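The following exercises concern side-chain contacts and surface exposure. Each task is followed by a solution in steps.

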Amino acid sequence: TDQGSIAIDADWRDERLTVSITDTGPGIPAAMRYKIFEPFQQNLENGHQKGAGLGLAISREIARAMGGDLHLTRSNQDGSQFTFEVTVKAVQPAAPHAATRSGSVLIAEDDPDIQALLMLYLQGDGYTITLCADGQSAVERALQQQPDLILMDINLPKLDGAEATQQLREAGYKGPIIAMTAAASESMAAKGGFDEYLQKPIDPKHLKESVATLLAEG
(Lines give C-alpha, C1' and ligand atoms only; values in the text may rest on other atoms or scores of the structure.)
Protein backbone atom coordinates (compact mmCIF):
# COMPACT_ATOMS: atom_id res chain seq x y z
CA THR A 1 0.00 0.00 0.00
CA ASP A 2 1.37 3.43 -0.92
CA GLN A 3 -0.55 5.12 1.87
CA GLY A 4 -2.10 3.90 5.08
CA SER A 5 -0.78 0.94 7.00
CA ILE A 6 -0.05 -2.77 7.13
CA ALA A 7 -0.87 -4.57 10.39
CA ILE A 8 0.34 -8.02 11.47
CA ASP A 9 -1.50 -9.90 14.20
CA ALA A 10 -0.42 -13.26 15.60
CA ASP A 11 -2.15 -15.71 17.90
CA TRP A 12 -0.86 -19.03 19.21
CA ARG A 13 -3.03 -21.52 21.02
CA ASP A 14 -3.26 -25.29 21.15
CA GLU A 15 -0.01 -25.47 19.15
CA ARG A 16 -1.64 -23.62 16.25
CA LEU A 17 -0.12 -20.35 15.07
CA THR A 18 -2.43 -18.00 13.20
CA VAL A 19 -1.02 -14.86 11.59
CA SER A 20 -3.17 -12.23 9.87
CA ILE A 21 -1.78 -9.49 7.62
CA THR A 22 -4.18 -6.60 7.00
CA ASP A 23 -3.51 -3.69 4.65
CA THR A 24 -5.36 -0.49 3.74
CA GLY A 25 -4.72 -0.87 0.01
CA PRO A 26 -7.22 -0.74 -2.86
CA GLY A 27 -8.48 -4.29 -2.37
CA ILE A 28 -8.67 -7.19 -4.83
CA PRO A 29 -11.49 -7.41 -7.40
CA ALA A 30 -13.81 -10.39 -6.98
CA ALA A 31 -12.80 -11.78 -10.38
CA MET A 32 -9.14 -11.93 -9.30
CA ARG A 33 -9.57 -13.53 -5.89
CA TYR A 34 -9.41 -17.10 -7.16
CA LYS A 35 -6.35 -16.36 -9.34
CA ILE A 36 -4.04 -14.47 -6.97
CA PHE A 37 -2.44 -17.61 -5.55
CA GLU A 38 -1.41 -18.75 -9.04
CA PRO A 39 2.12 -17.85 -10.22
CA PHE A 40 2.53 -14.62 -12.19
CA GLN A 41 -1.02 -13.42 -11.49
CA GLN A 42 -1.46 -9.75 -10.55
CA ASN A 43 -4.30 -7.27 -10.14
CA LEU A 44 -3.49 -4.74 -12.87
CA GLU A 45 -6.56 -2.53 -12.47
CA ASN A 46 -4.95 0.21 -10.35
CA GLY A 47 -1.71 0.36 -12.38
CA HIS A 48 0.68 0.33 -9.42
CA GLN A 49 1.78 -3.30 -9.35
CA LYS A 50 5.42 -4.25 -8.87
CA GLY A 51 7.22 -7.56 -8.84
CA ALA A 52 6.54 -10.78 -10.72
CA GLY A 53 3.31 -11.93 -9.11
CA LEU A 54 4.97 -14.80 -7.27
CA GLY A 55 4.74 -13.71 -3.63
CA LEU A 56 1.39 -15.25 -2.75
CA ALA A 57 2.05 -18.43 -4.70
CA ILE A 58 5.39 -18.99 -2.95
CA SER A 59 3.97 -18.04 0.45
CA ARG A 60 1.14 -20.53 0.13
CA GLU A 61 3.57 -23.29 -0.89
CA ILE A 62 5.72 -22.54 2.15
CA ALA A 63 2.70 -22.56 4.46
CA ARG A 64 1.48 -25.87 3.02
CA ALA A 65 4.96 -27.39 3.25
CA MET A 66 4.81 -26.60 6.97
CA GLY A 67 1.47 -28.38 7.29
CA GLY A 68 -0.65 -25.22 7.18
CA ASP A 69 -2.25 -22.99 4.59
CA LEU A 70 -2.58 -19.38 3.44
CA HIS A 71 -5.82 -17.84 2.28
CA LEU A 72 -7.54 -14.54 1.61
CA THR A 73 -9.75 -13.71 4.58
CA ARG A 74 -11.44 -10.63 3.18
CA SER A 75 -10.96 -7.87 0.61
CA ASN A 76 -12.89 -4.71 -0.22
CA GLN A 77 -12.24 -1.08 -1.15
CA ASP A 78 -10.76 -0.49 2.32
CA GLY A 79 -8.07 -3.14 2.01
CA SER A 80 -7.35 -6.85 2.22
CA GLN A 81 -6.55 -9.41 4.88
CA PHE A 82 -4.58 -12.62 4.41
CA THR A 83 -4.23 -15.31 7.07
CA PHE A 84 -1.93 -18.29 7.36
CA GLU A 85 -1.99 -21.05 9.92
CA VAL A 86 0.69 -23.57 10.86
CA THR A 87 1.21 -26.02 13.68
CA VAL A 88 3.94 -24.85 16.05
CA LYS A 89 4.84 -27.09 18.95
CA ALA A 90 6.17 -25.62 22.17
CA VAL A 91 9.80 -26.41 22.97
CA GLN A 92 11.98 -25.72 25.96
CA PRO A 93 14.50 -22.92 25.33
CA ALA A 94 18.07 -24.08 25.07
CA ALA A 95 20.29 -23.29 28.02
CA PRO A 96 22.67 -20.42 27.26
CA HIS A 97 26.13 -21.68 26.46
CA ALA A 98 29.18 -20.26 28.10
CA ALA A 99 31.38 -18.04 26.00
CA THR A 100 34.09 -20.10 24.38
CA ARG A 101 36.47 -17.23 23.69
CA SER A 102 37.84 -14.21 25.50
CA GLY A 103 39.70 -11.10 24.49
CA SER A 104 39.12 -7.51 23.44
CA VAL A 105 38.63 -6.52 19.81
CA LEU A 106 38.61 -2.99 18.43
CA ILE A 107 36.64 -2.63 15.20
CA ALA A 108 37.54 0.36 13.00
CA GLU A 109 34.70 0.56 10.49
CA ASP A 110 32.61 3.54 9.37
CA ASP A 111 29.65 1.66 7.87
CA PRO A 112 26.98 1.10 10.59
CA ASP A 113 25.61 -2.00 8.86
CA ILE A 114 29.02 -3.66 8.72
CA GLN A 115 29.66 -2.63 12.32
CA ALA A 116 26.46 -4.41 13.36
CA LEU A 117 27.37 -7.54 11.40
CA LEU A 118 30.87 -7.76 12.84
CA MET A 119 29.52 -7.32 16.37
CA LEU A 120 26.92 -10.00 15.71
CA TYR A 121 29.60 -12.40 14.45
CA LEU A 122 32.00 -11.84 17.37
CA GLN A 123 30.02 -11.00 20.49
CA GLY A 124 28.45 -14.44 20.63
CA ASP A 125 31.95 -15.88 21.06
CA GLY A 126 32.55 -13.82 24.19
CA TYR A 127 34.80 -11.06 22.84
CA THR A 128 34.62 -7.54 24.26
CA ILE A 129 34.02 -5.12 21.37
CA THR A 130 34.98 -1.47 20.92
CA LEU A 131 33.73 0.43 17.85
CA CYS A 132 35.45 3.31 16.07
CA ALA A 133 34.06 5.03 12.97
CA ASP A 134 37.26 6.72 11.72
CA GLY A 135 40.97 6.07 11.63
CA GLN A 136 42.00 8.85 14.00
CA SER A 137 39.72 7.70 16.82
CA ALA A 138 40.84 4.11 16.18
CA VAL A 139 44.45 5.10 16.82
CA GLU A 140 43.57 7.04 19.95
CA ARG A 141 41.34 4.33 21.42
CA ALA A 142 43.77 1.55 20.55
CA LEU A 143 46.71 3.26 22.24
CA GLN A 144 44.54 4.02 25.26
CA GLN A 145 42.85 0.62 25.65
CA GLN A 146 45.47 -1.68 24.12
CA PRO A 147 42.94 -4.17 22.65
CA ASP A 148 44.07 -7.73 22.03
CA LEU A 149 43.23 -7.44 18.32
CA ILE A 150 42.15 -4.76 15.82
CA LEU A 151 39.91 -5.16 12.77
CA MET A 152 40.90 -2.25 10.52
CA ASP A 153 38.90 -1.15 7.49
CA ILE A 154 41.17 0.38 4.86
CA ASN A 155 38.81 3.11 3.64
CA LEU A 156 38.16 5.17 6.76
CA PRO A 157 37.44 8.89 7.15
CA LYS A 158 39.94 11.31 8.75
CA LEU A 159 42.73 8.74 8.59
CA ASP A 160 42.66 5.69 6.35
CA GLY A 161 43.33 2.23 7.69
CA ALA A 162 46.85 1.94 6.30
CA GLU A 163 47.93 5.24 7.84
CA ALA A 164 46.24 4.40 11.13
CA THR A 165 48.05 1.07 11.25
CA GLN A 166 51.38 2.72 10.49
CA GLN A 167 50.87 5.18 13.36
CA LEU A 168 49.93 2.36 15.72
CA ARG A 169 53.03 0.34 14.84
CA GLU A 170 55.26 3.40 15.23
CA ALA A 171 53.67 4.06 18.63
CA GLY A 172 54.50 0.54 19.78
CA TYR A 173 51.22 -1.34 19.38
CA LYS A 174 52.22 -4.98 18.91
CA GLY A 175 48.83 -6.72 18.81
CA PRO A 176 47.51 -8.34 15.63
CA ILE A 177 45.76 -6.06 13.12
CA ILE A 178 43.51 -7.51 10.43
CA ALA A 179 42.86 -5.43 7.31
CA MET A 180 39.34 -5.37 5.88
CA THR A 181 38.86 -4.23 2.30
CA ALA A 182 37.32 -5.26 -0.99
CA ALA A 183 40.75 -4.98 -2.61
CA ALA A 184 42.78 -6.85 -0.03
CA SER A 185 45.83 -8.91 -0.93
CA GLU A 186 48.53 -10.77 0.92
CA SER A 187 51.22 -8.38 -0.31
CA MET A 188 49.23 -5.35 0.82
CA ALA A 189 48.68 -6.89 4.22
CA ALA A 190 52.39 -7.66 4.70
CA LYS A 191 53.60 -4.24 3.52
CA GLY A 192 50.98 -2.32 5.51
CA GLY A 193 51.89 -3.77 8.89
CA PHE A 194 48.83 -6.02 9.00
CA ASP A 195 48.97 -9.57 10.26
CA GLU A 196 46.20 -10.77 7.97
CA TYR A 197 43.51 -9.47 5.65
CA LEU A 198 39.83 -10.21 5.17
CA GLN A 199 38.10 -9.73 1.85
CA LYS A 200 34.81 -7.84 1.87
CA PRO A 201 32.05 -8.90 2.05
CA ILE A 202 33.29 -10.52 5.23
CA ASP A 203 32.79 -14.27 5.52
CA PRO A 204 31.77 -14.94 9.16
CA LYS A 205 33.51 -18.32 9.33
CA HIS A 206 36.78 -16.89 8.02
CA LEU A 207 36.48 -13.93 10.39
CA LYS A 208 35.94 -16.11 13.46
CA GLU A 209 38.79 -18.44 12.53
CA SER A 210 41.21 -15.58 11.86
CA VAL A 211 40.43 -13.77 15.10
CA ALA A 212 40.65 -16.95 17.20
CA THR A 213 43.93 -18.02 15.58
CA LEU A 214 45.66 -14.66 15.96
CA LEU A 215 44.53 -14.25 19.57
CA ALA A 216 45.75 -17.75 20.40
CA GLU A 217 49.13 -16.99 18.84
CA GLY A 218 49.38 -13.74 20.77
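**Exercise 1: A shared acidic partner**

In this predicted model, Arg64 forms a salt bridge with Asp69, with 3.0 Å between the closest N and O atoms. Determine which residues are joined with Asp69 into one network through shared salt-bridge partners.

Solution.
1. Arg64 is partly exposed, its relative accessible area being 42%.
2. Asp69 also has a salt bridge with the side chain of Arg60, at 3.6 Å from N to O.
3. Arg60 has 17% relative accessibility and therefore counts as buried, the cut-off being under 20%. Asp69, at 28%, counts as partly exposed.
4. Through shared partners, the salt bridges join Arg60, Arg64 and Asp69 into one network.

**Exercise 2: A contact across the sequence**

State which parts of the chain are tied together by the pair Asp125 and Lys208.

Solution.
1. The side chains of Asp125 and Lys208 meet in a salt bridge of 2.8 Å, N to O.
2. Asp125 lies in the loop between helix 2 (112–123) and strand 6 (128–132), and Lys208 in helix 6 (residues 204–217), so the pair ties together parts 83 residues apart in sequence.
3. Asp125 counts as buried at 15% relative accessibility, whereas Lys208 is partly exposed at 29%.
4. In total, the structure holds seven salt bridges.

**Exercise 3: A nonpolar patch**

Identify the residues that make a nonpolar surface patch of about 300 Å².

Solution.
1. Ile58 belongs to helix 1 (residues 55–65).
2. With a relative accessible area of 47%, Ile58 is partly exposed; patch residues must be over 30%.
3. The patch is made by Ile58, Ile62 and Met66.

Technical notes: Residues are numbered from 1 along each chain as its sequence is written. This is a predicted model: local features need pLDDT of at least 70, side-chain atom pairs count only at pLDDT 80 or more; totals for chains, interfaces and linings use all residues. Side-chain values use heavy atoms; hydrogens and water are left out. Patches are made of residues with over 30% relative accessible area and no salt bridge: like charges are joined within 9 Å, nonpolar side chains (Val, Leu, Ile, Met, Phe, Trp, Tyr) within 5 Å. Accessible areas come from the Shrake-Rupley method with a 1.4 Å probe; for residues, only the protein chains shown count as cover. A salt bridge is a side-chain nitrogen of Lys or Arg within 4 Å of a carboxyl oxygen of Asp or Glu. Helices (H or I, at least four residues) and strands (E, at least two) are DSSP runs, numbered from the N terminus. Buried means under 20% relative accessible area, exposed over 50%, partly exposed in between (1.4 Å probe, protein chains only).
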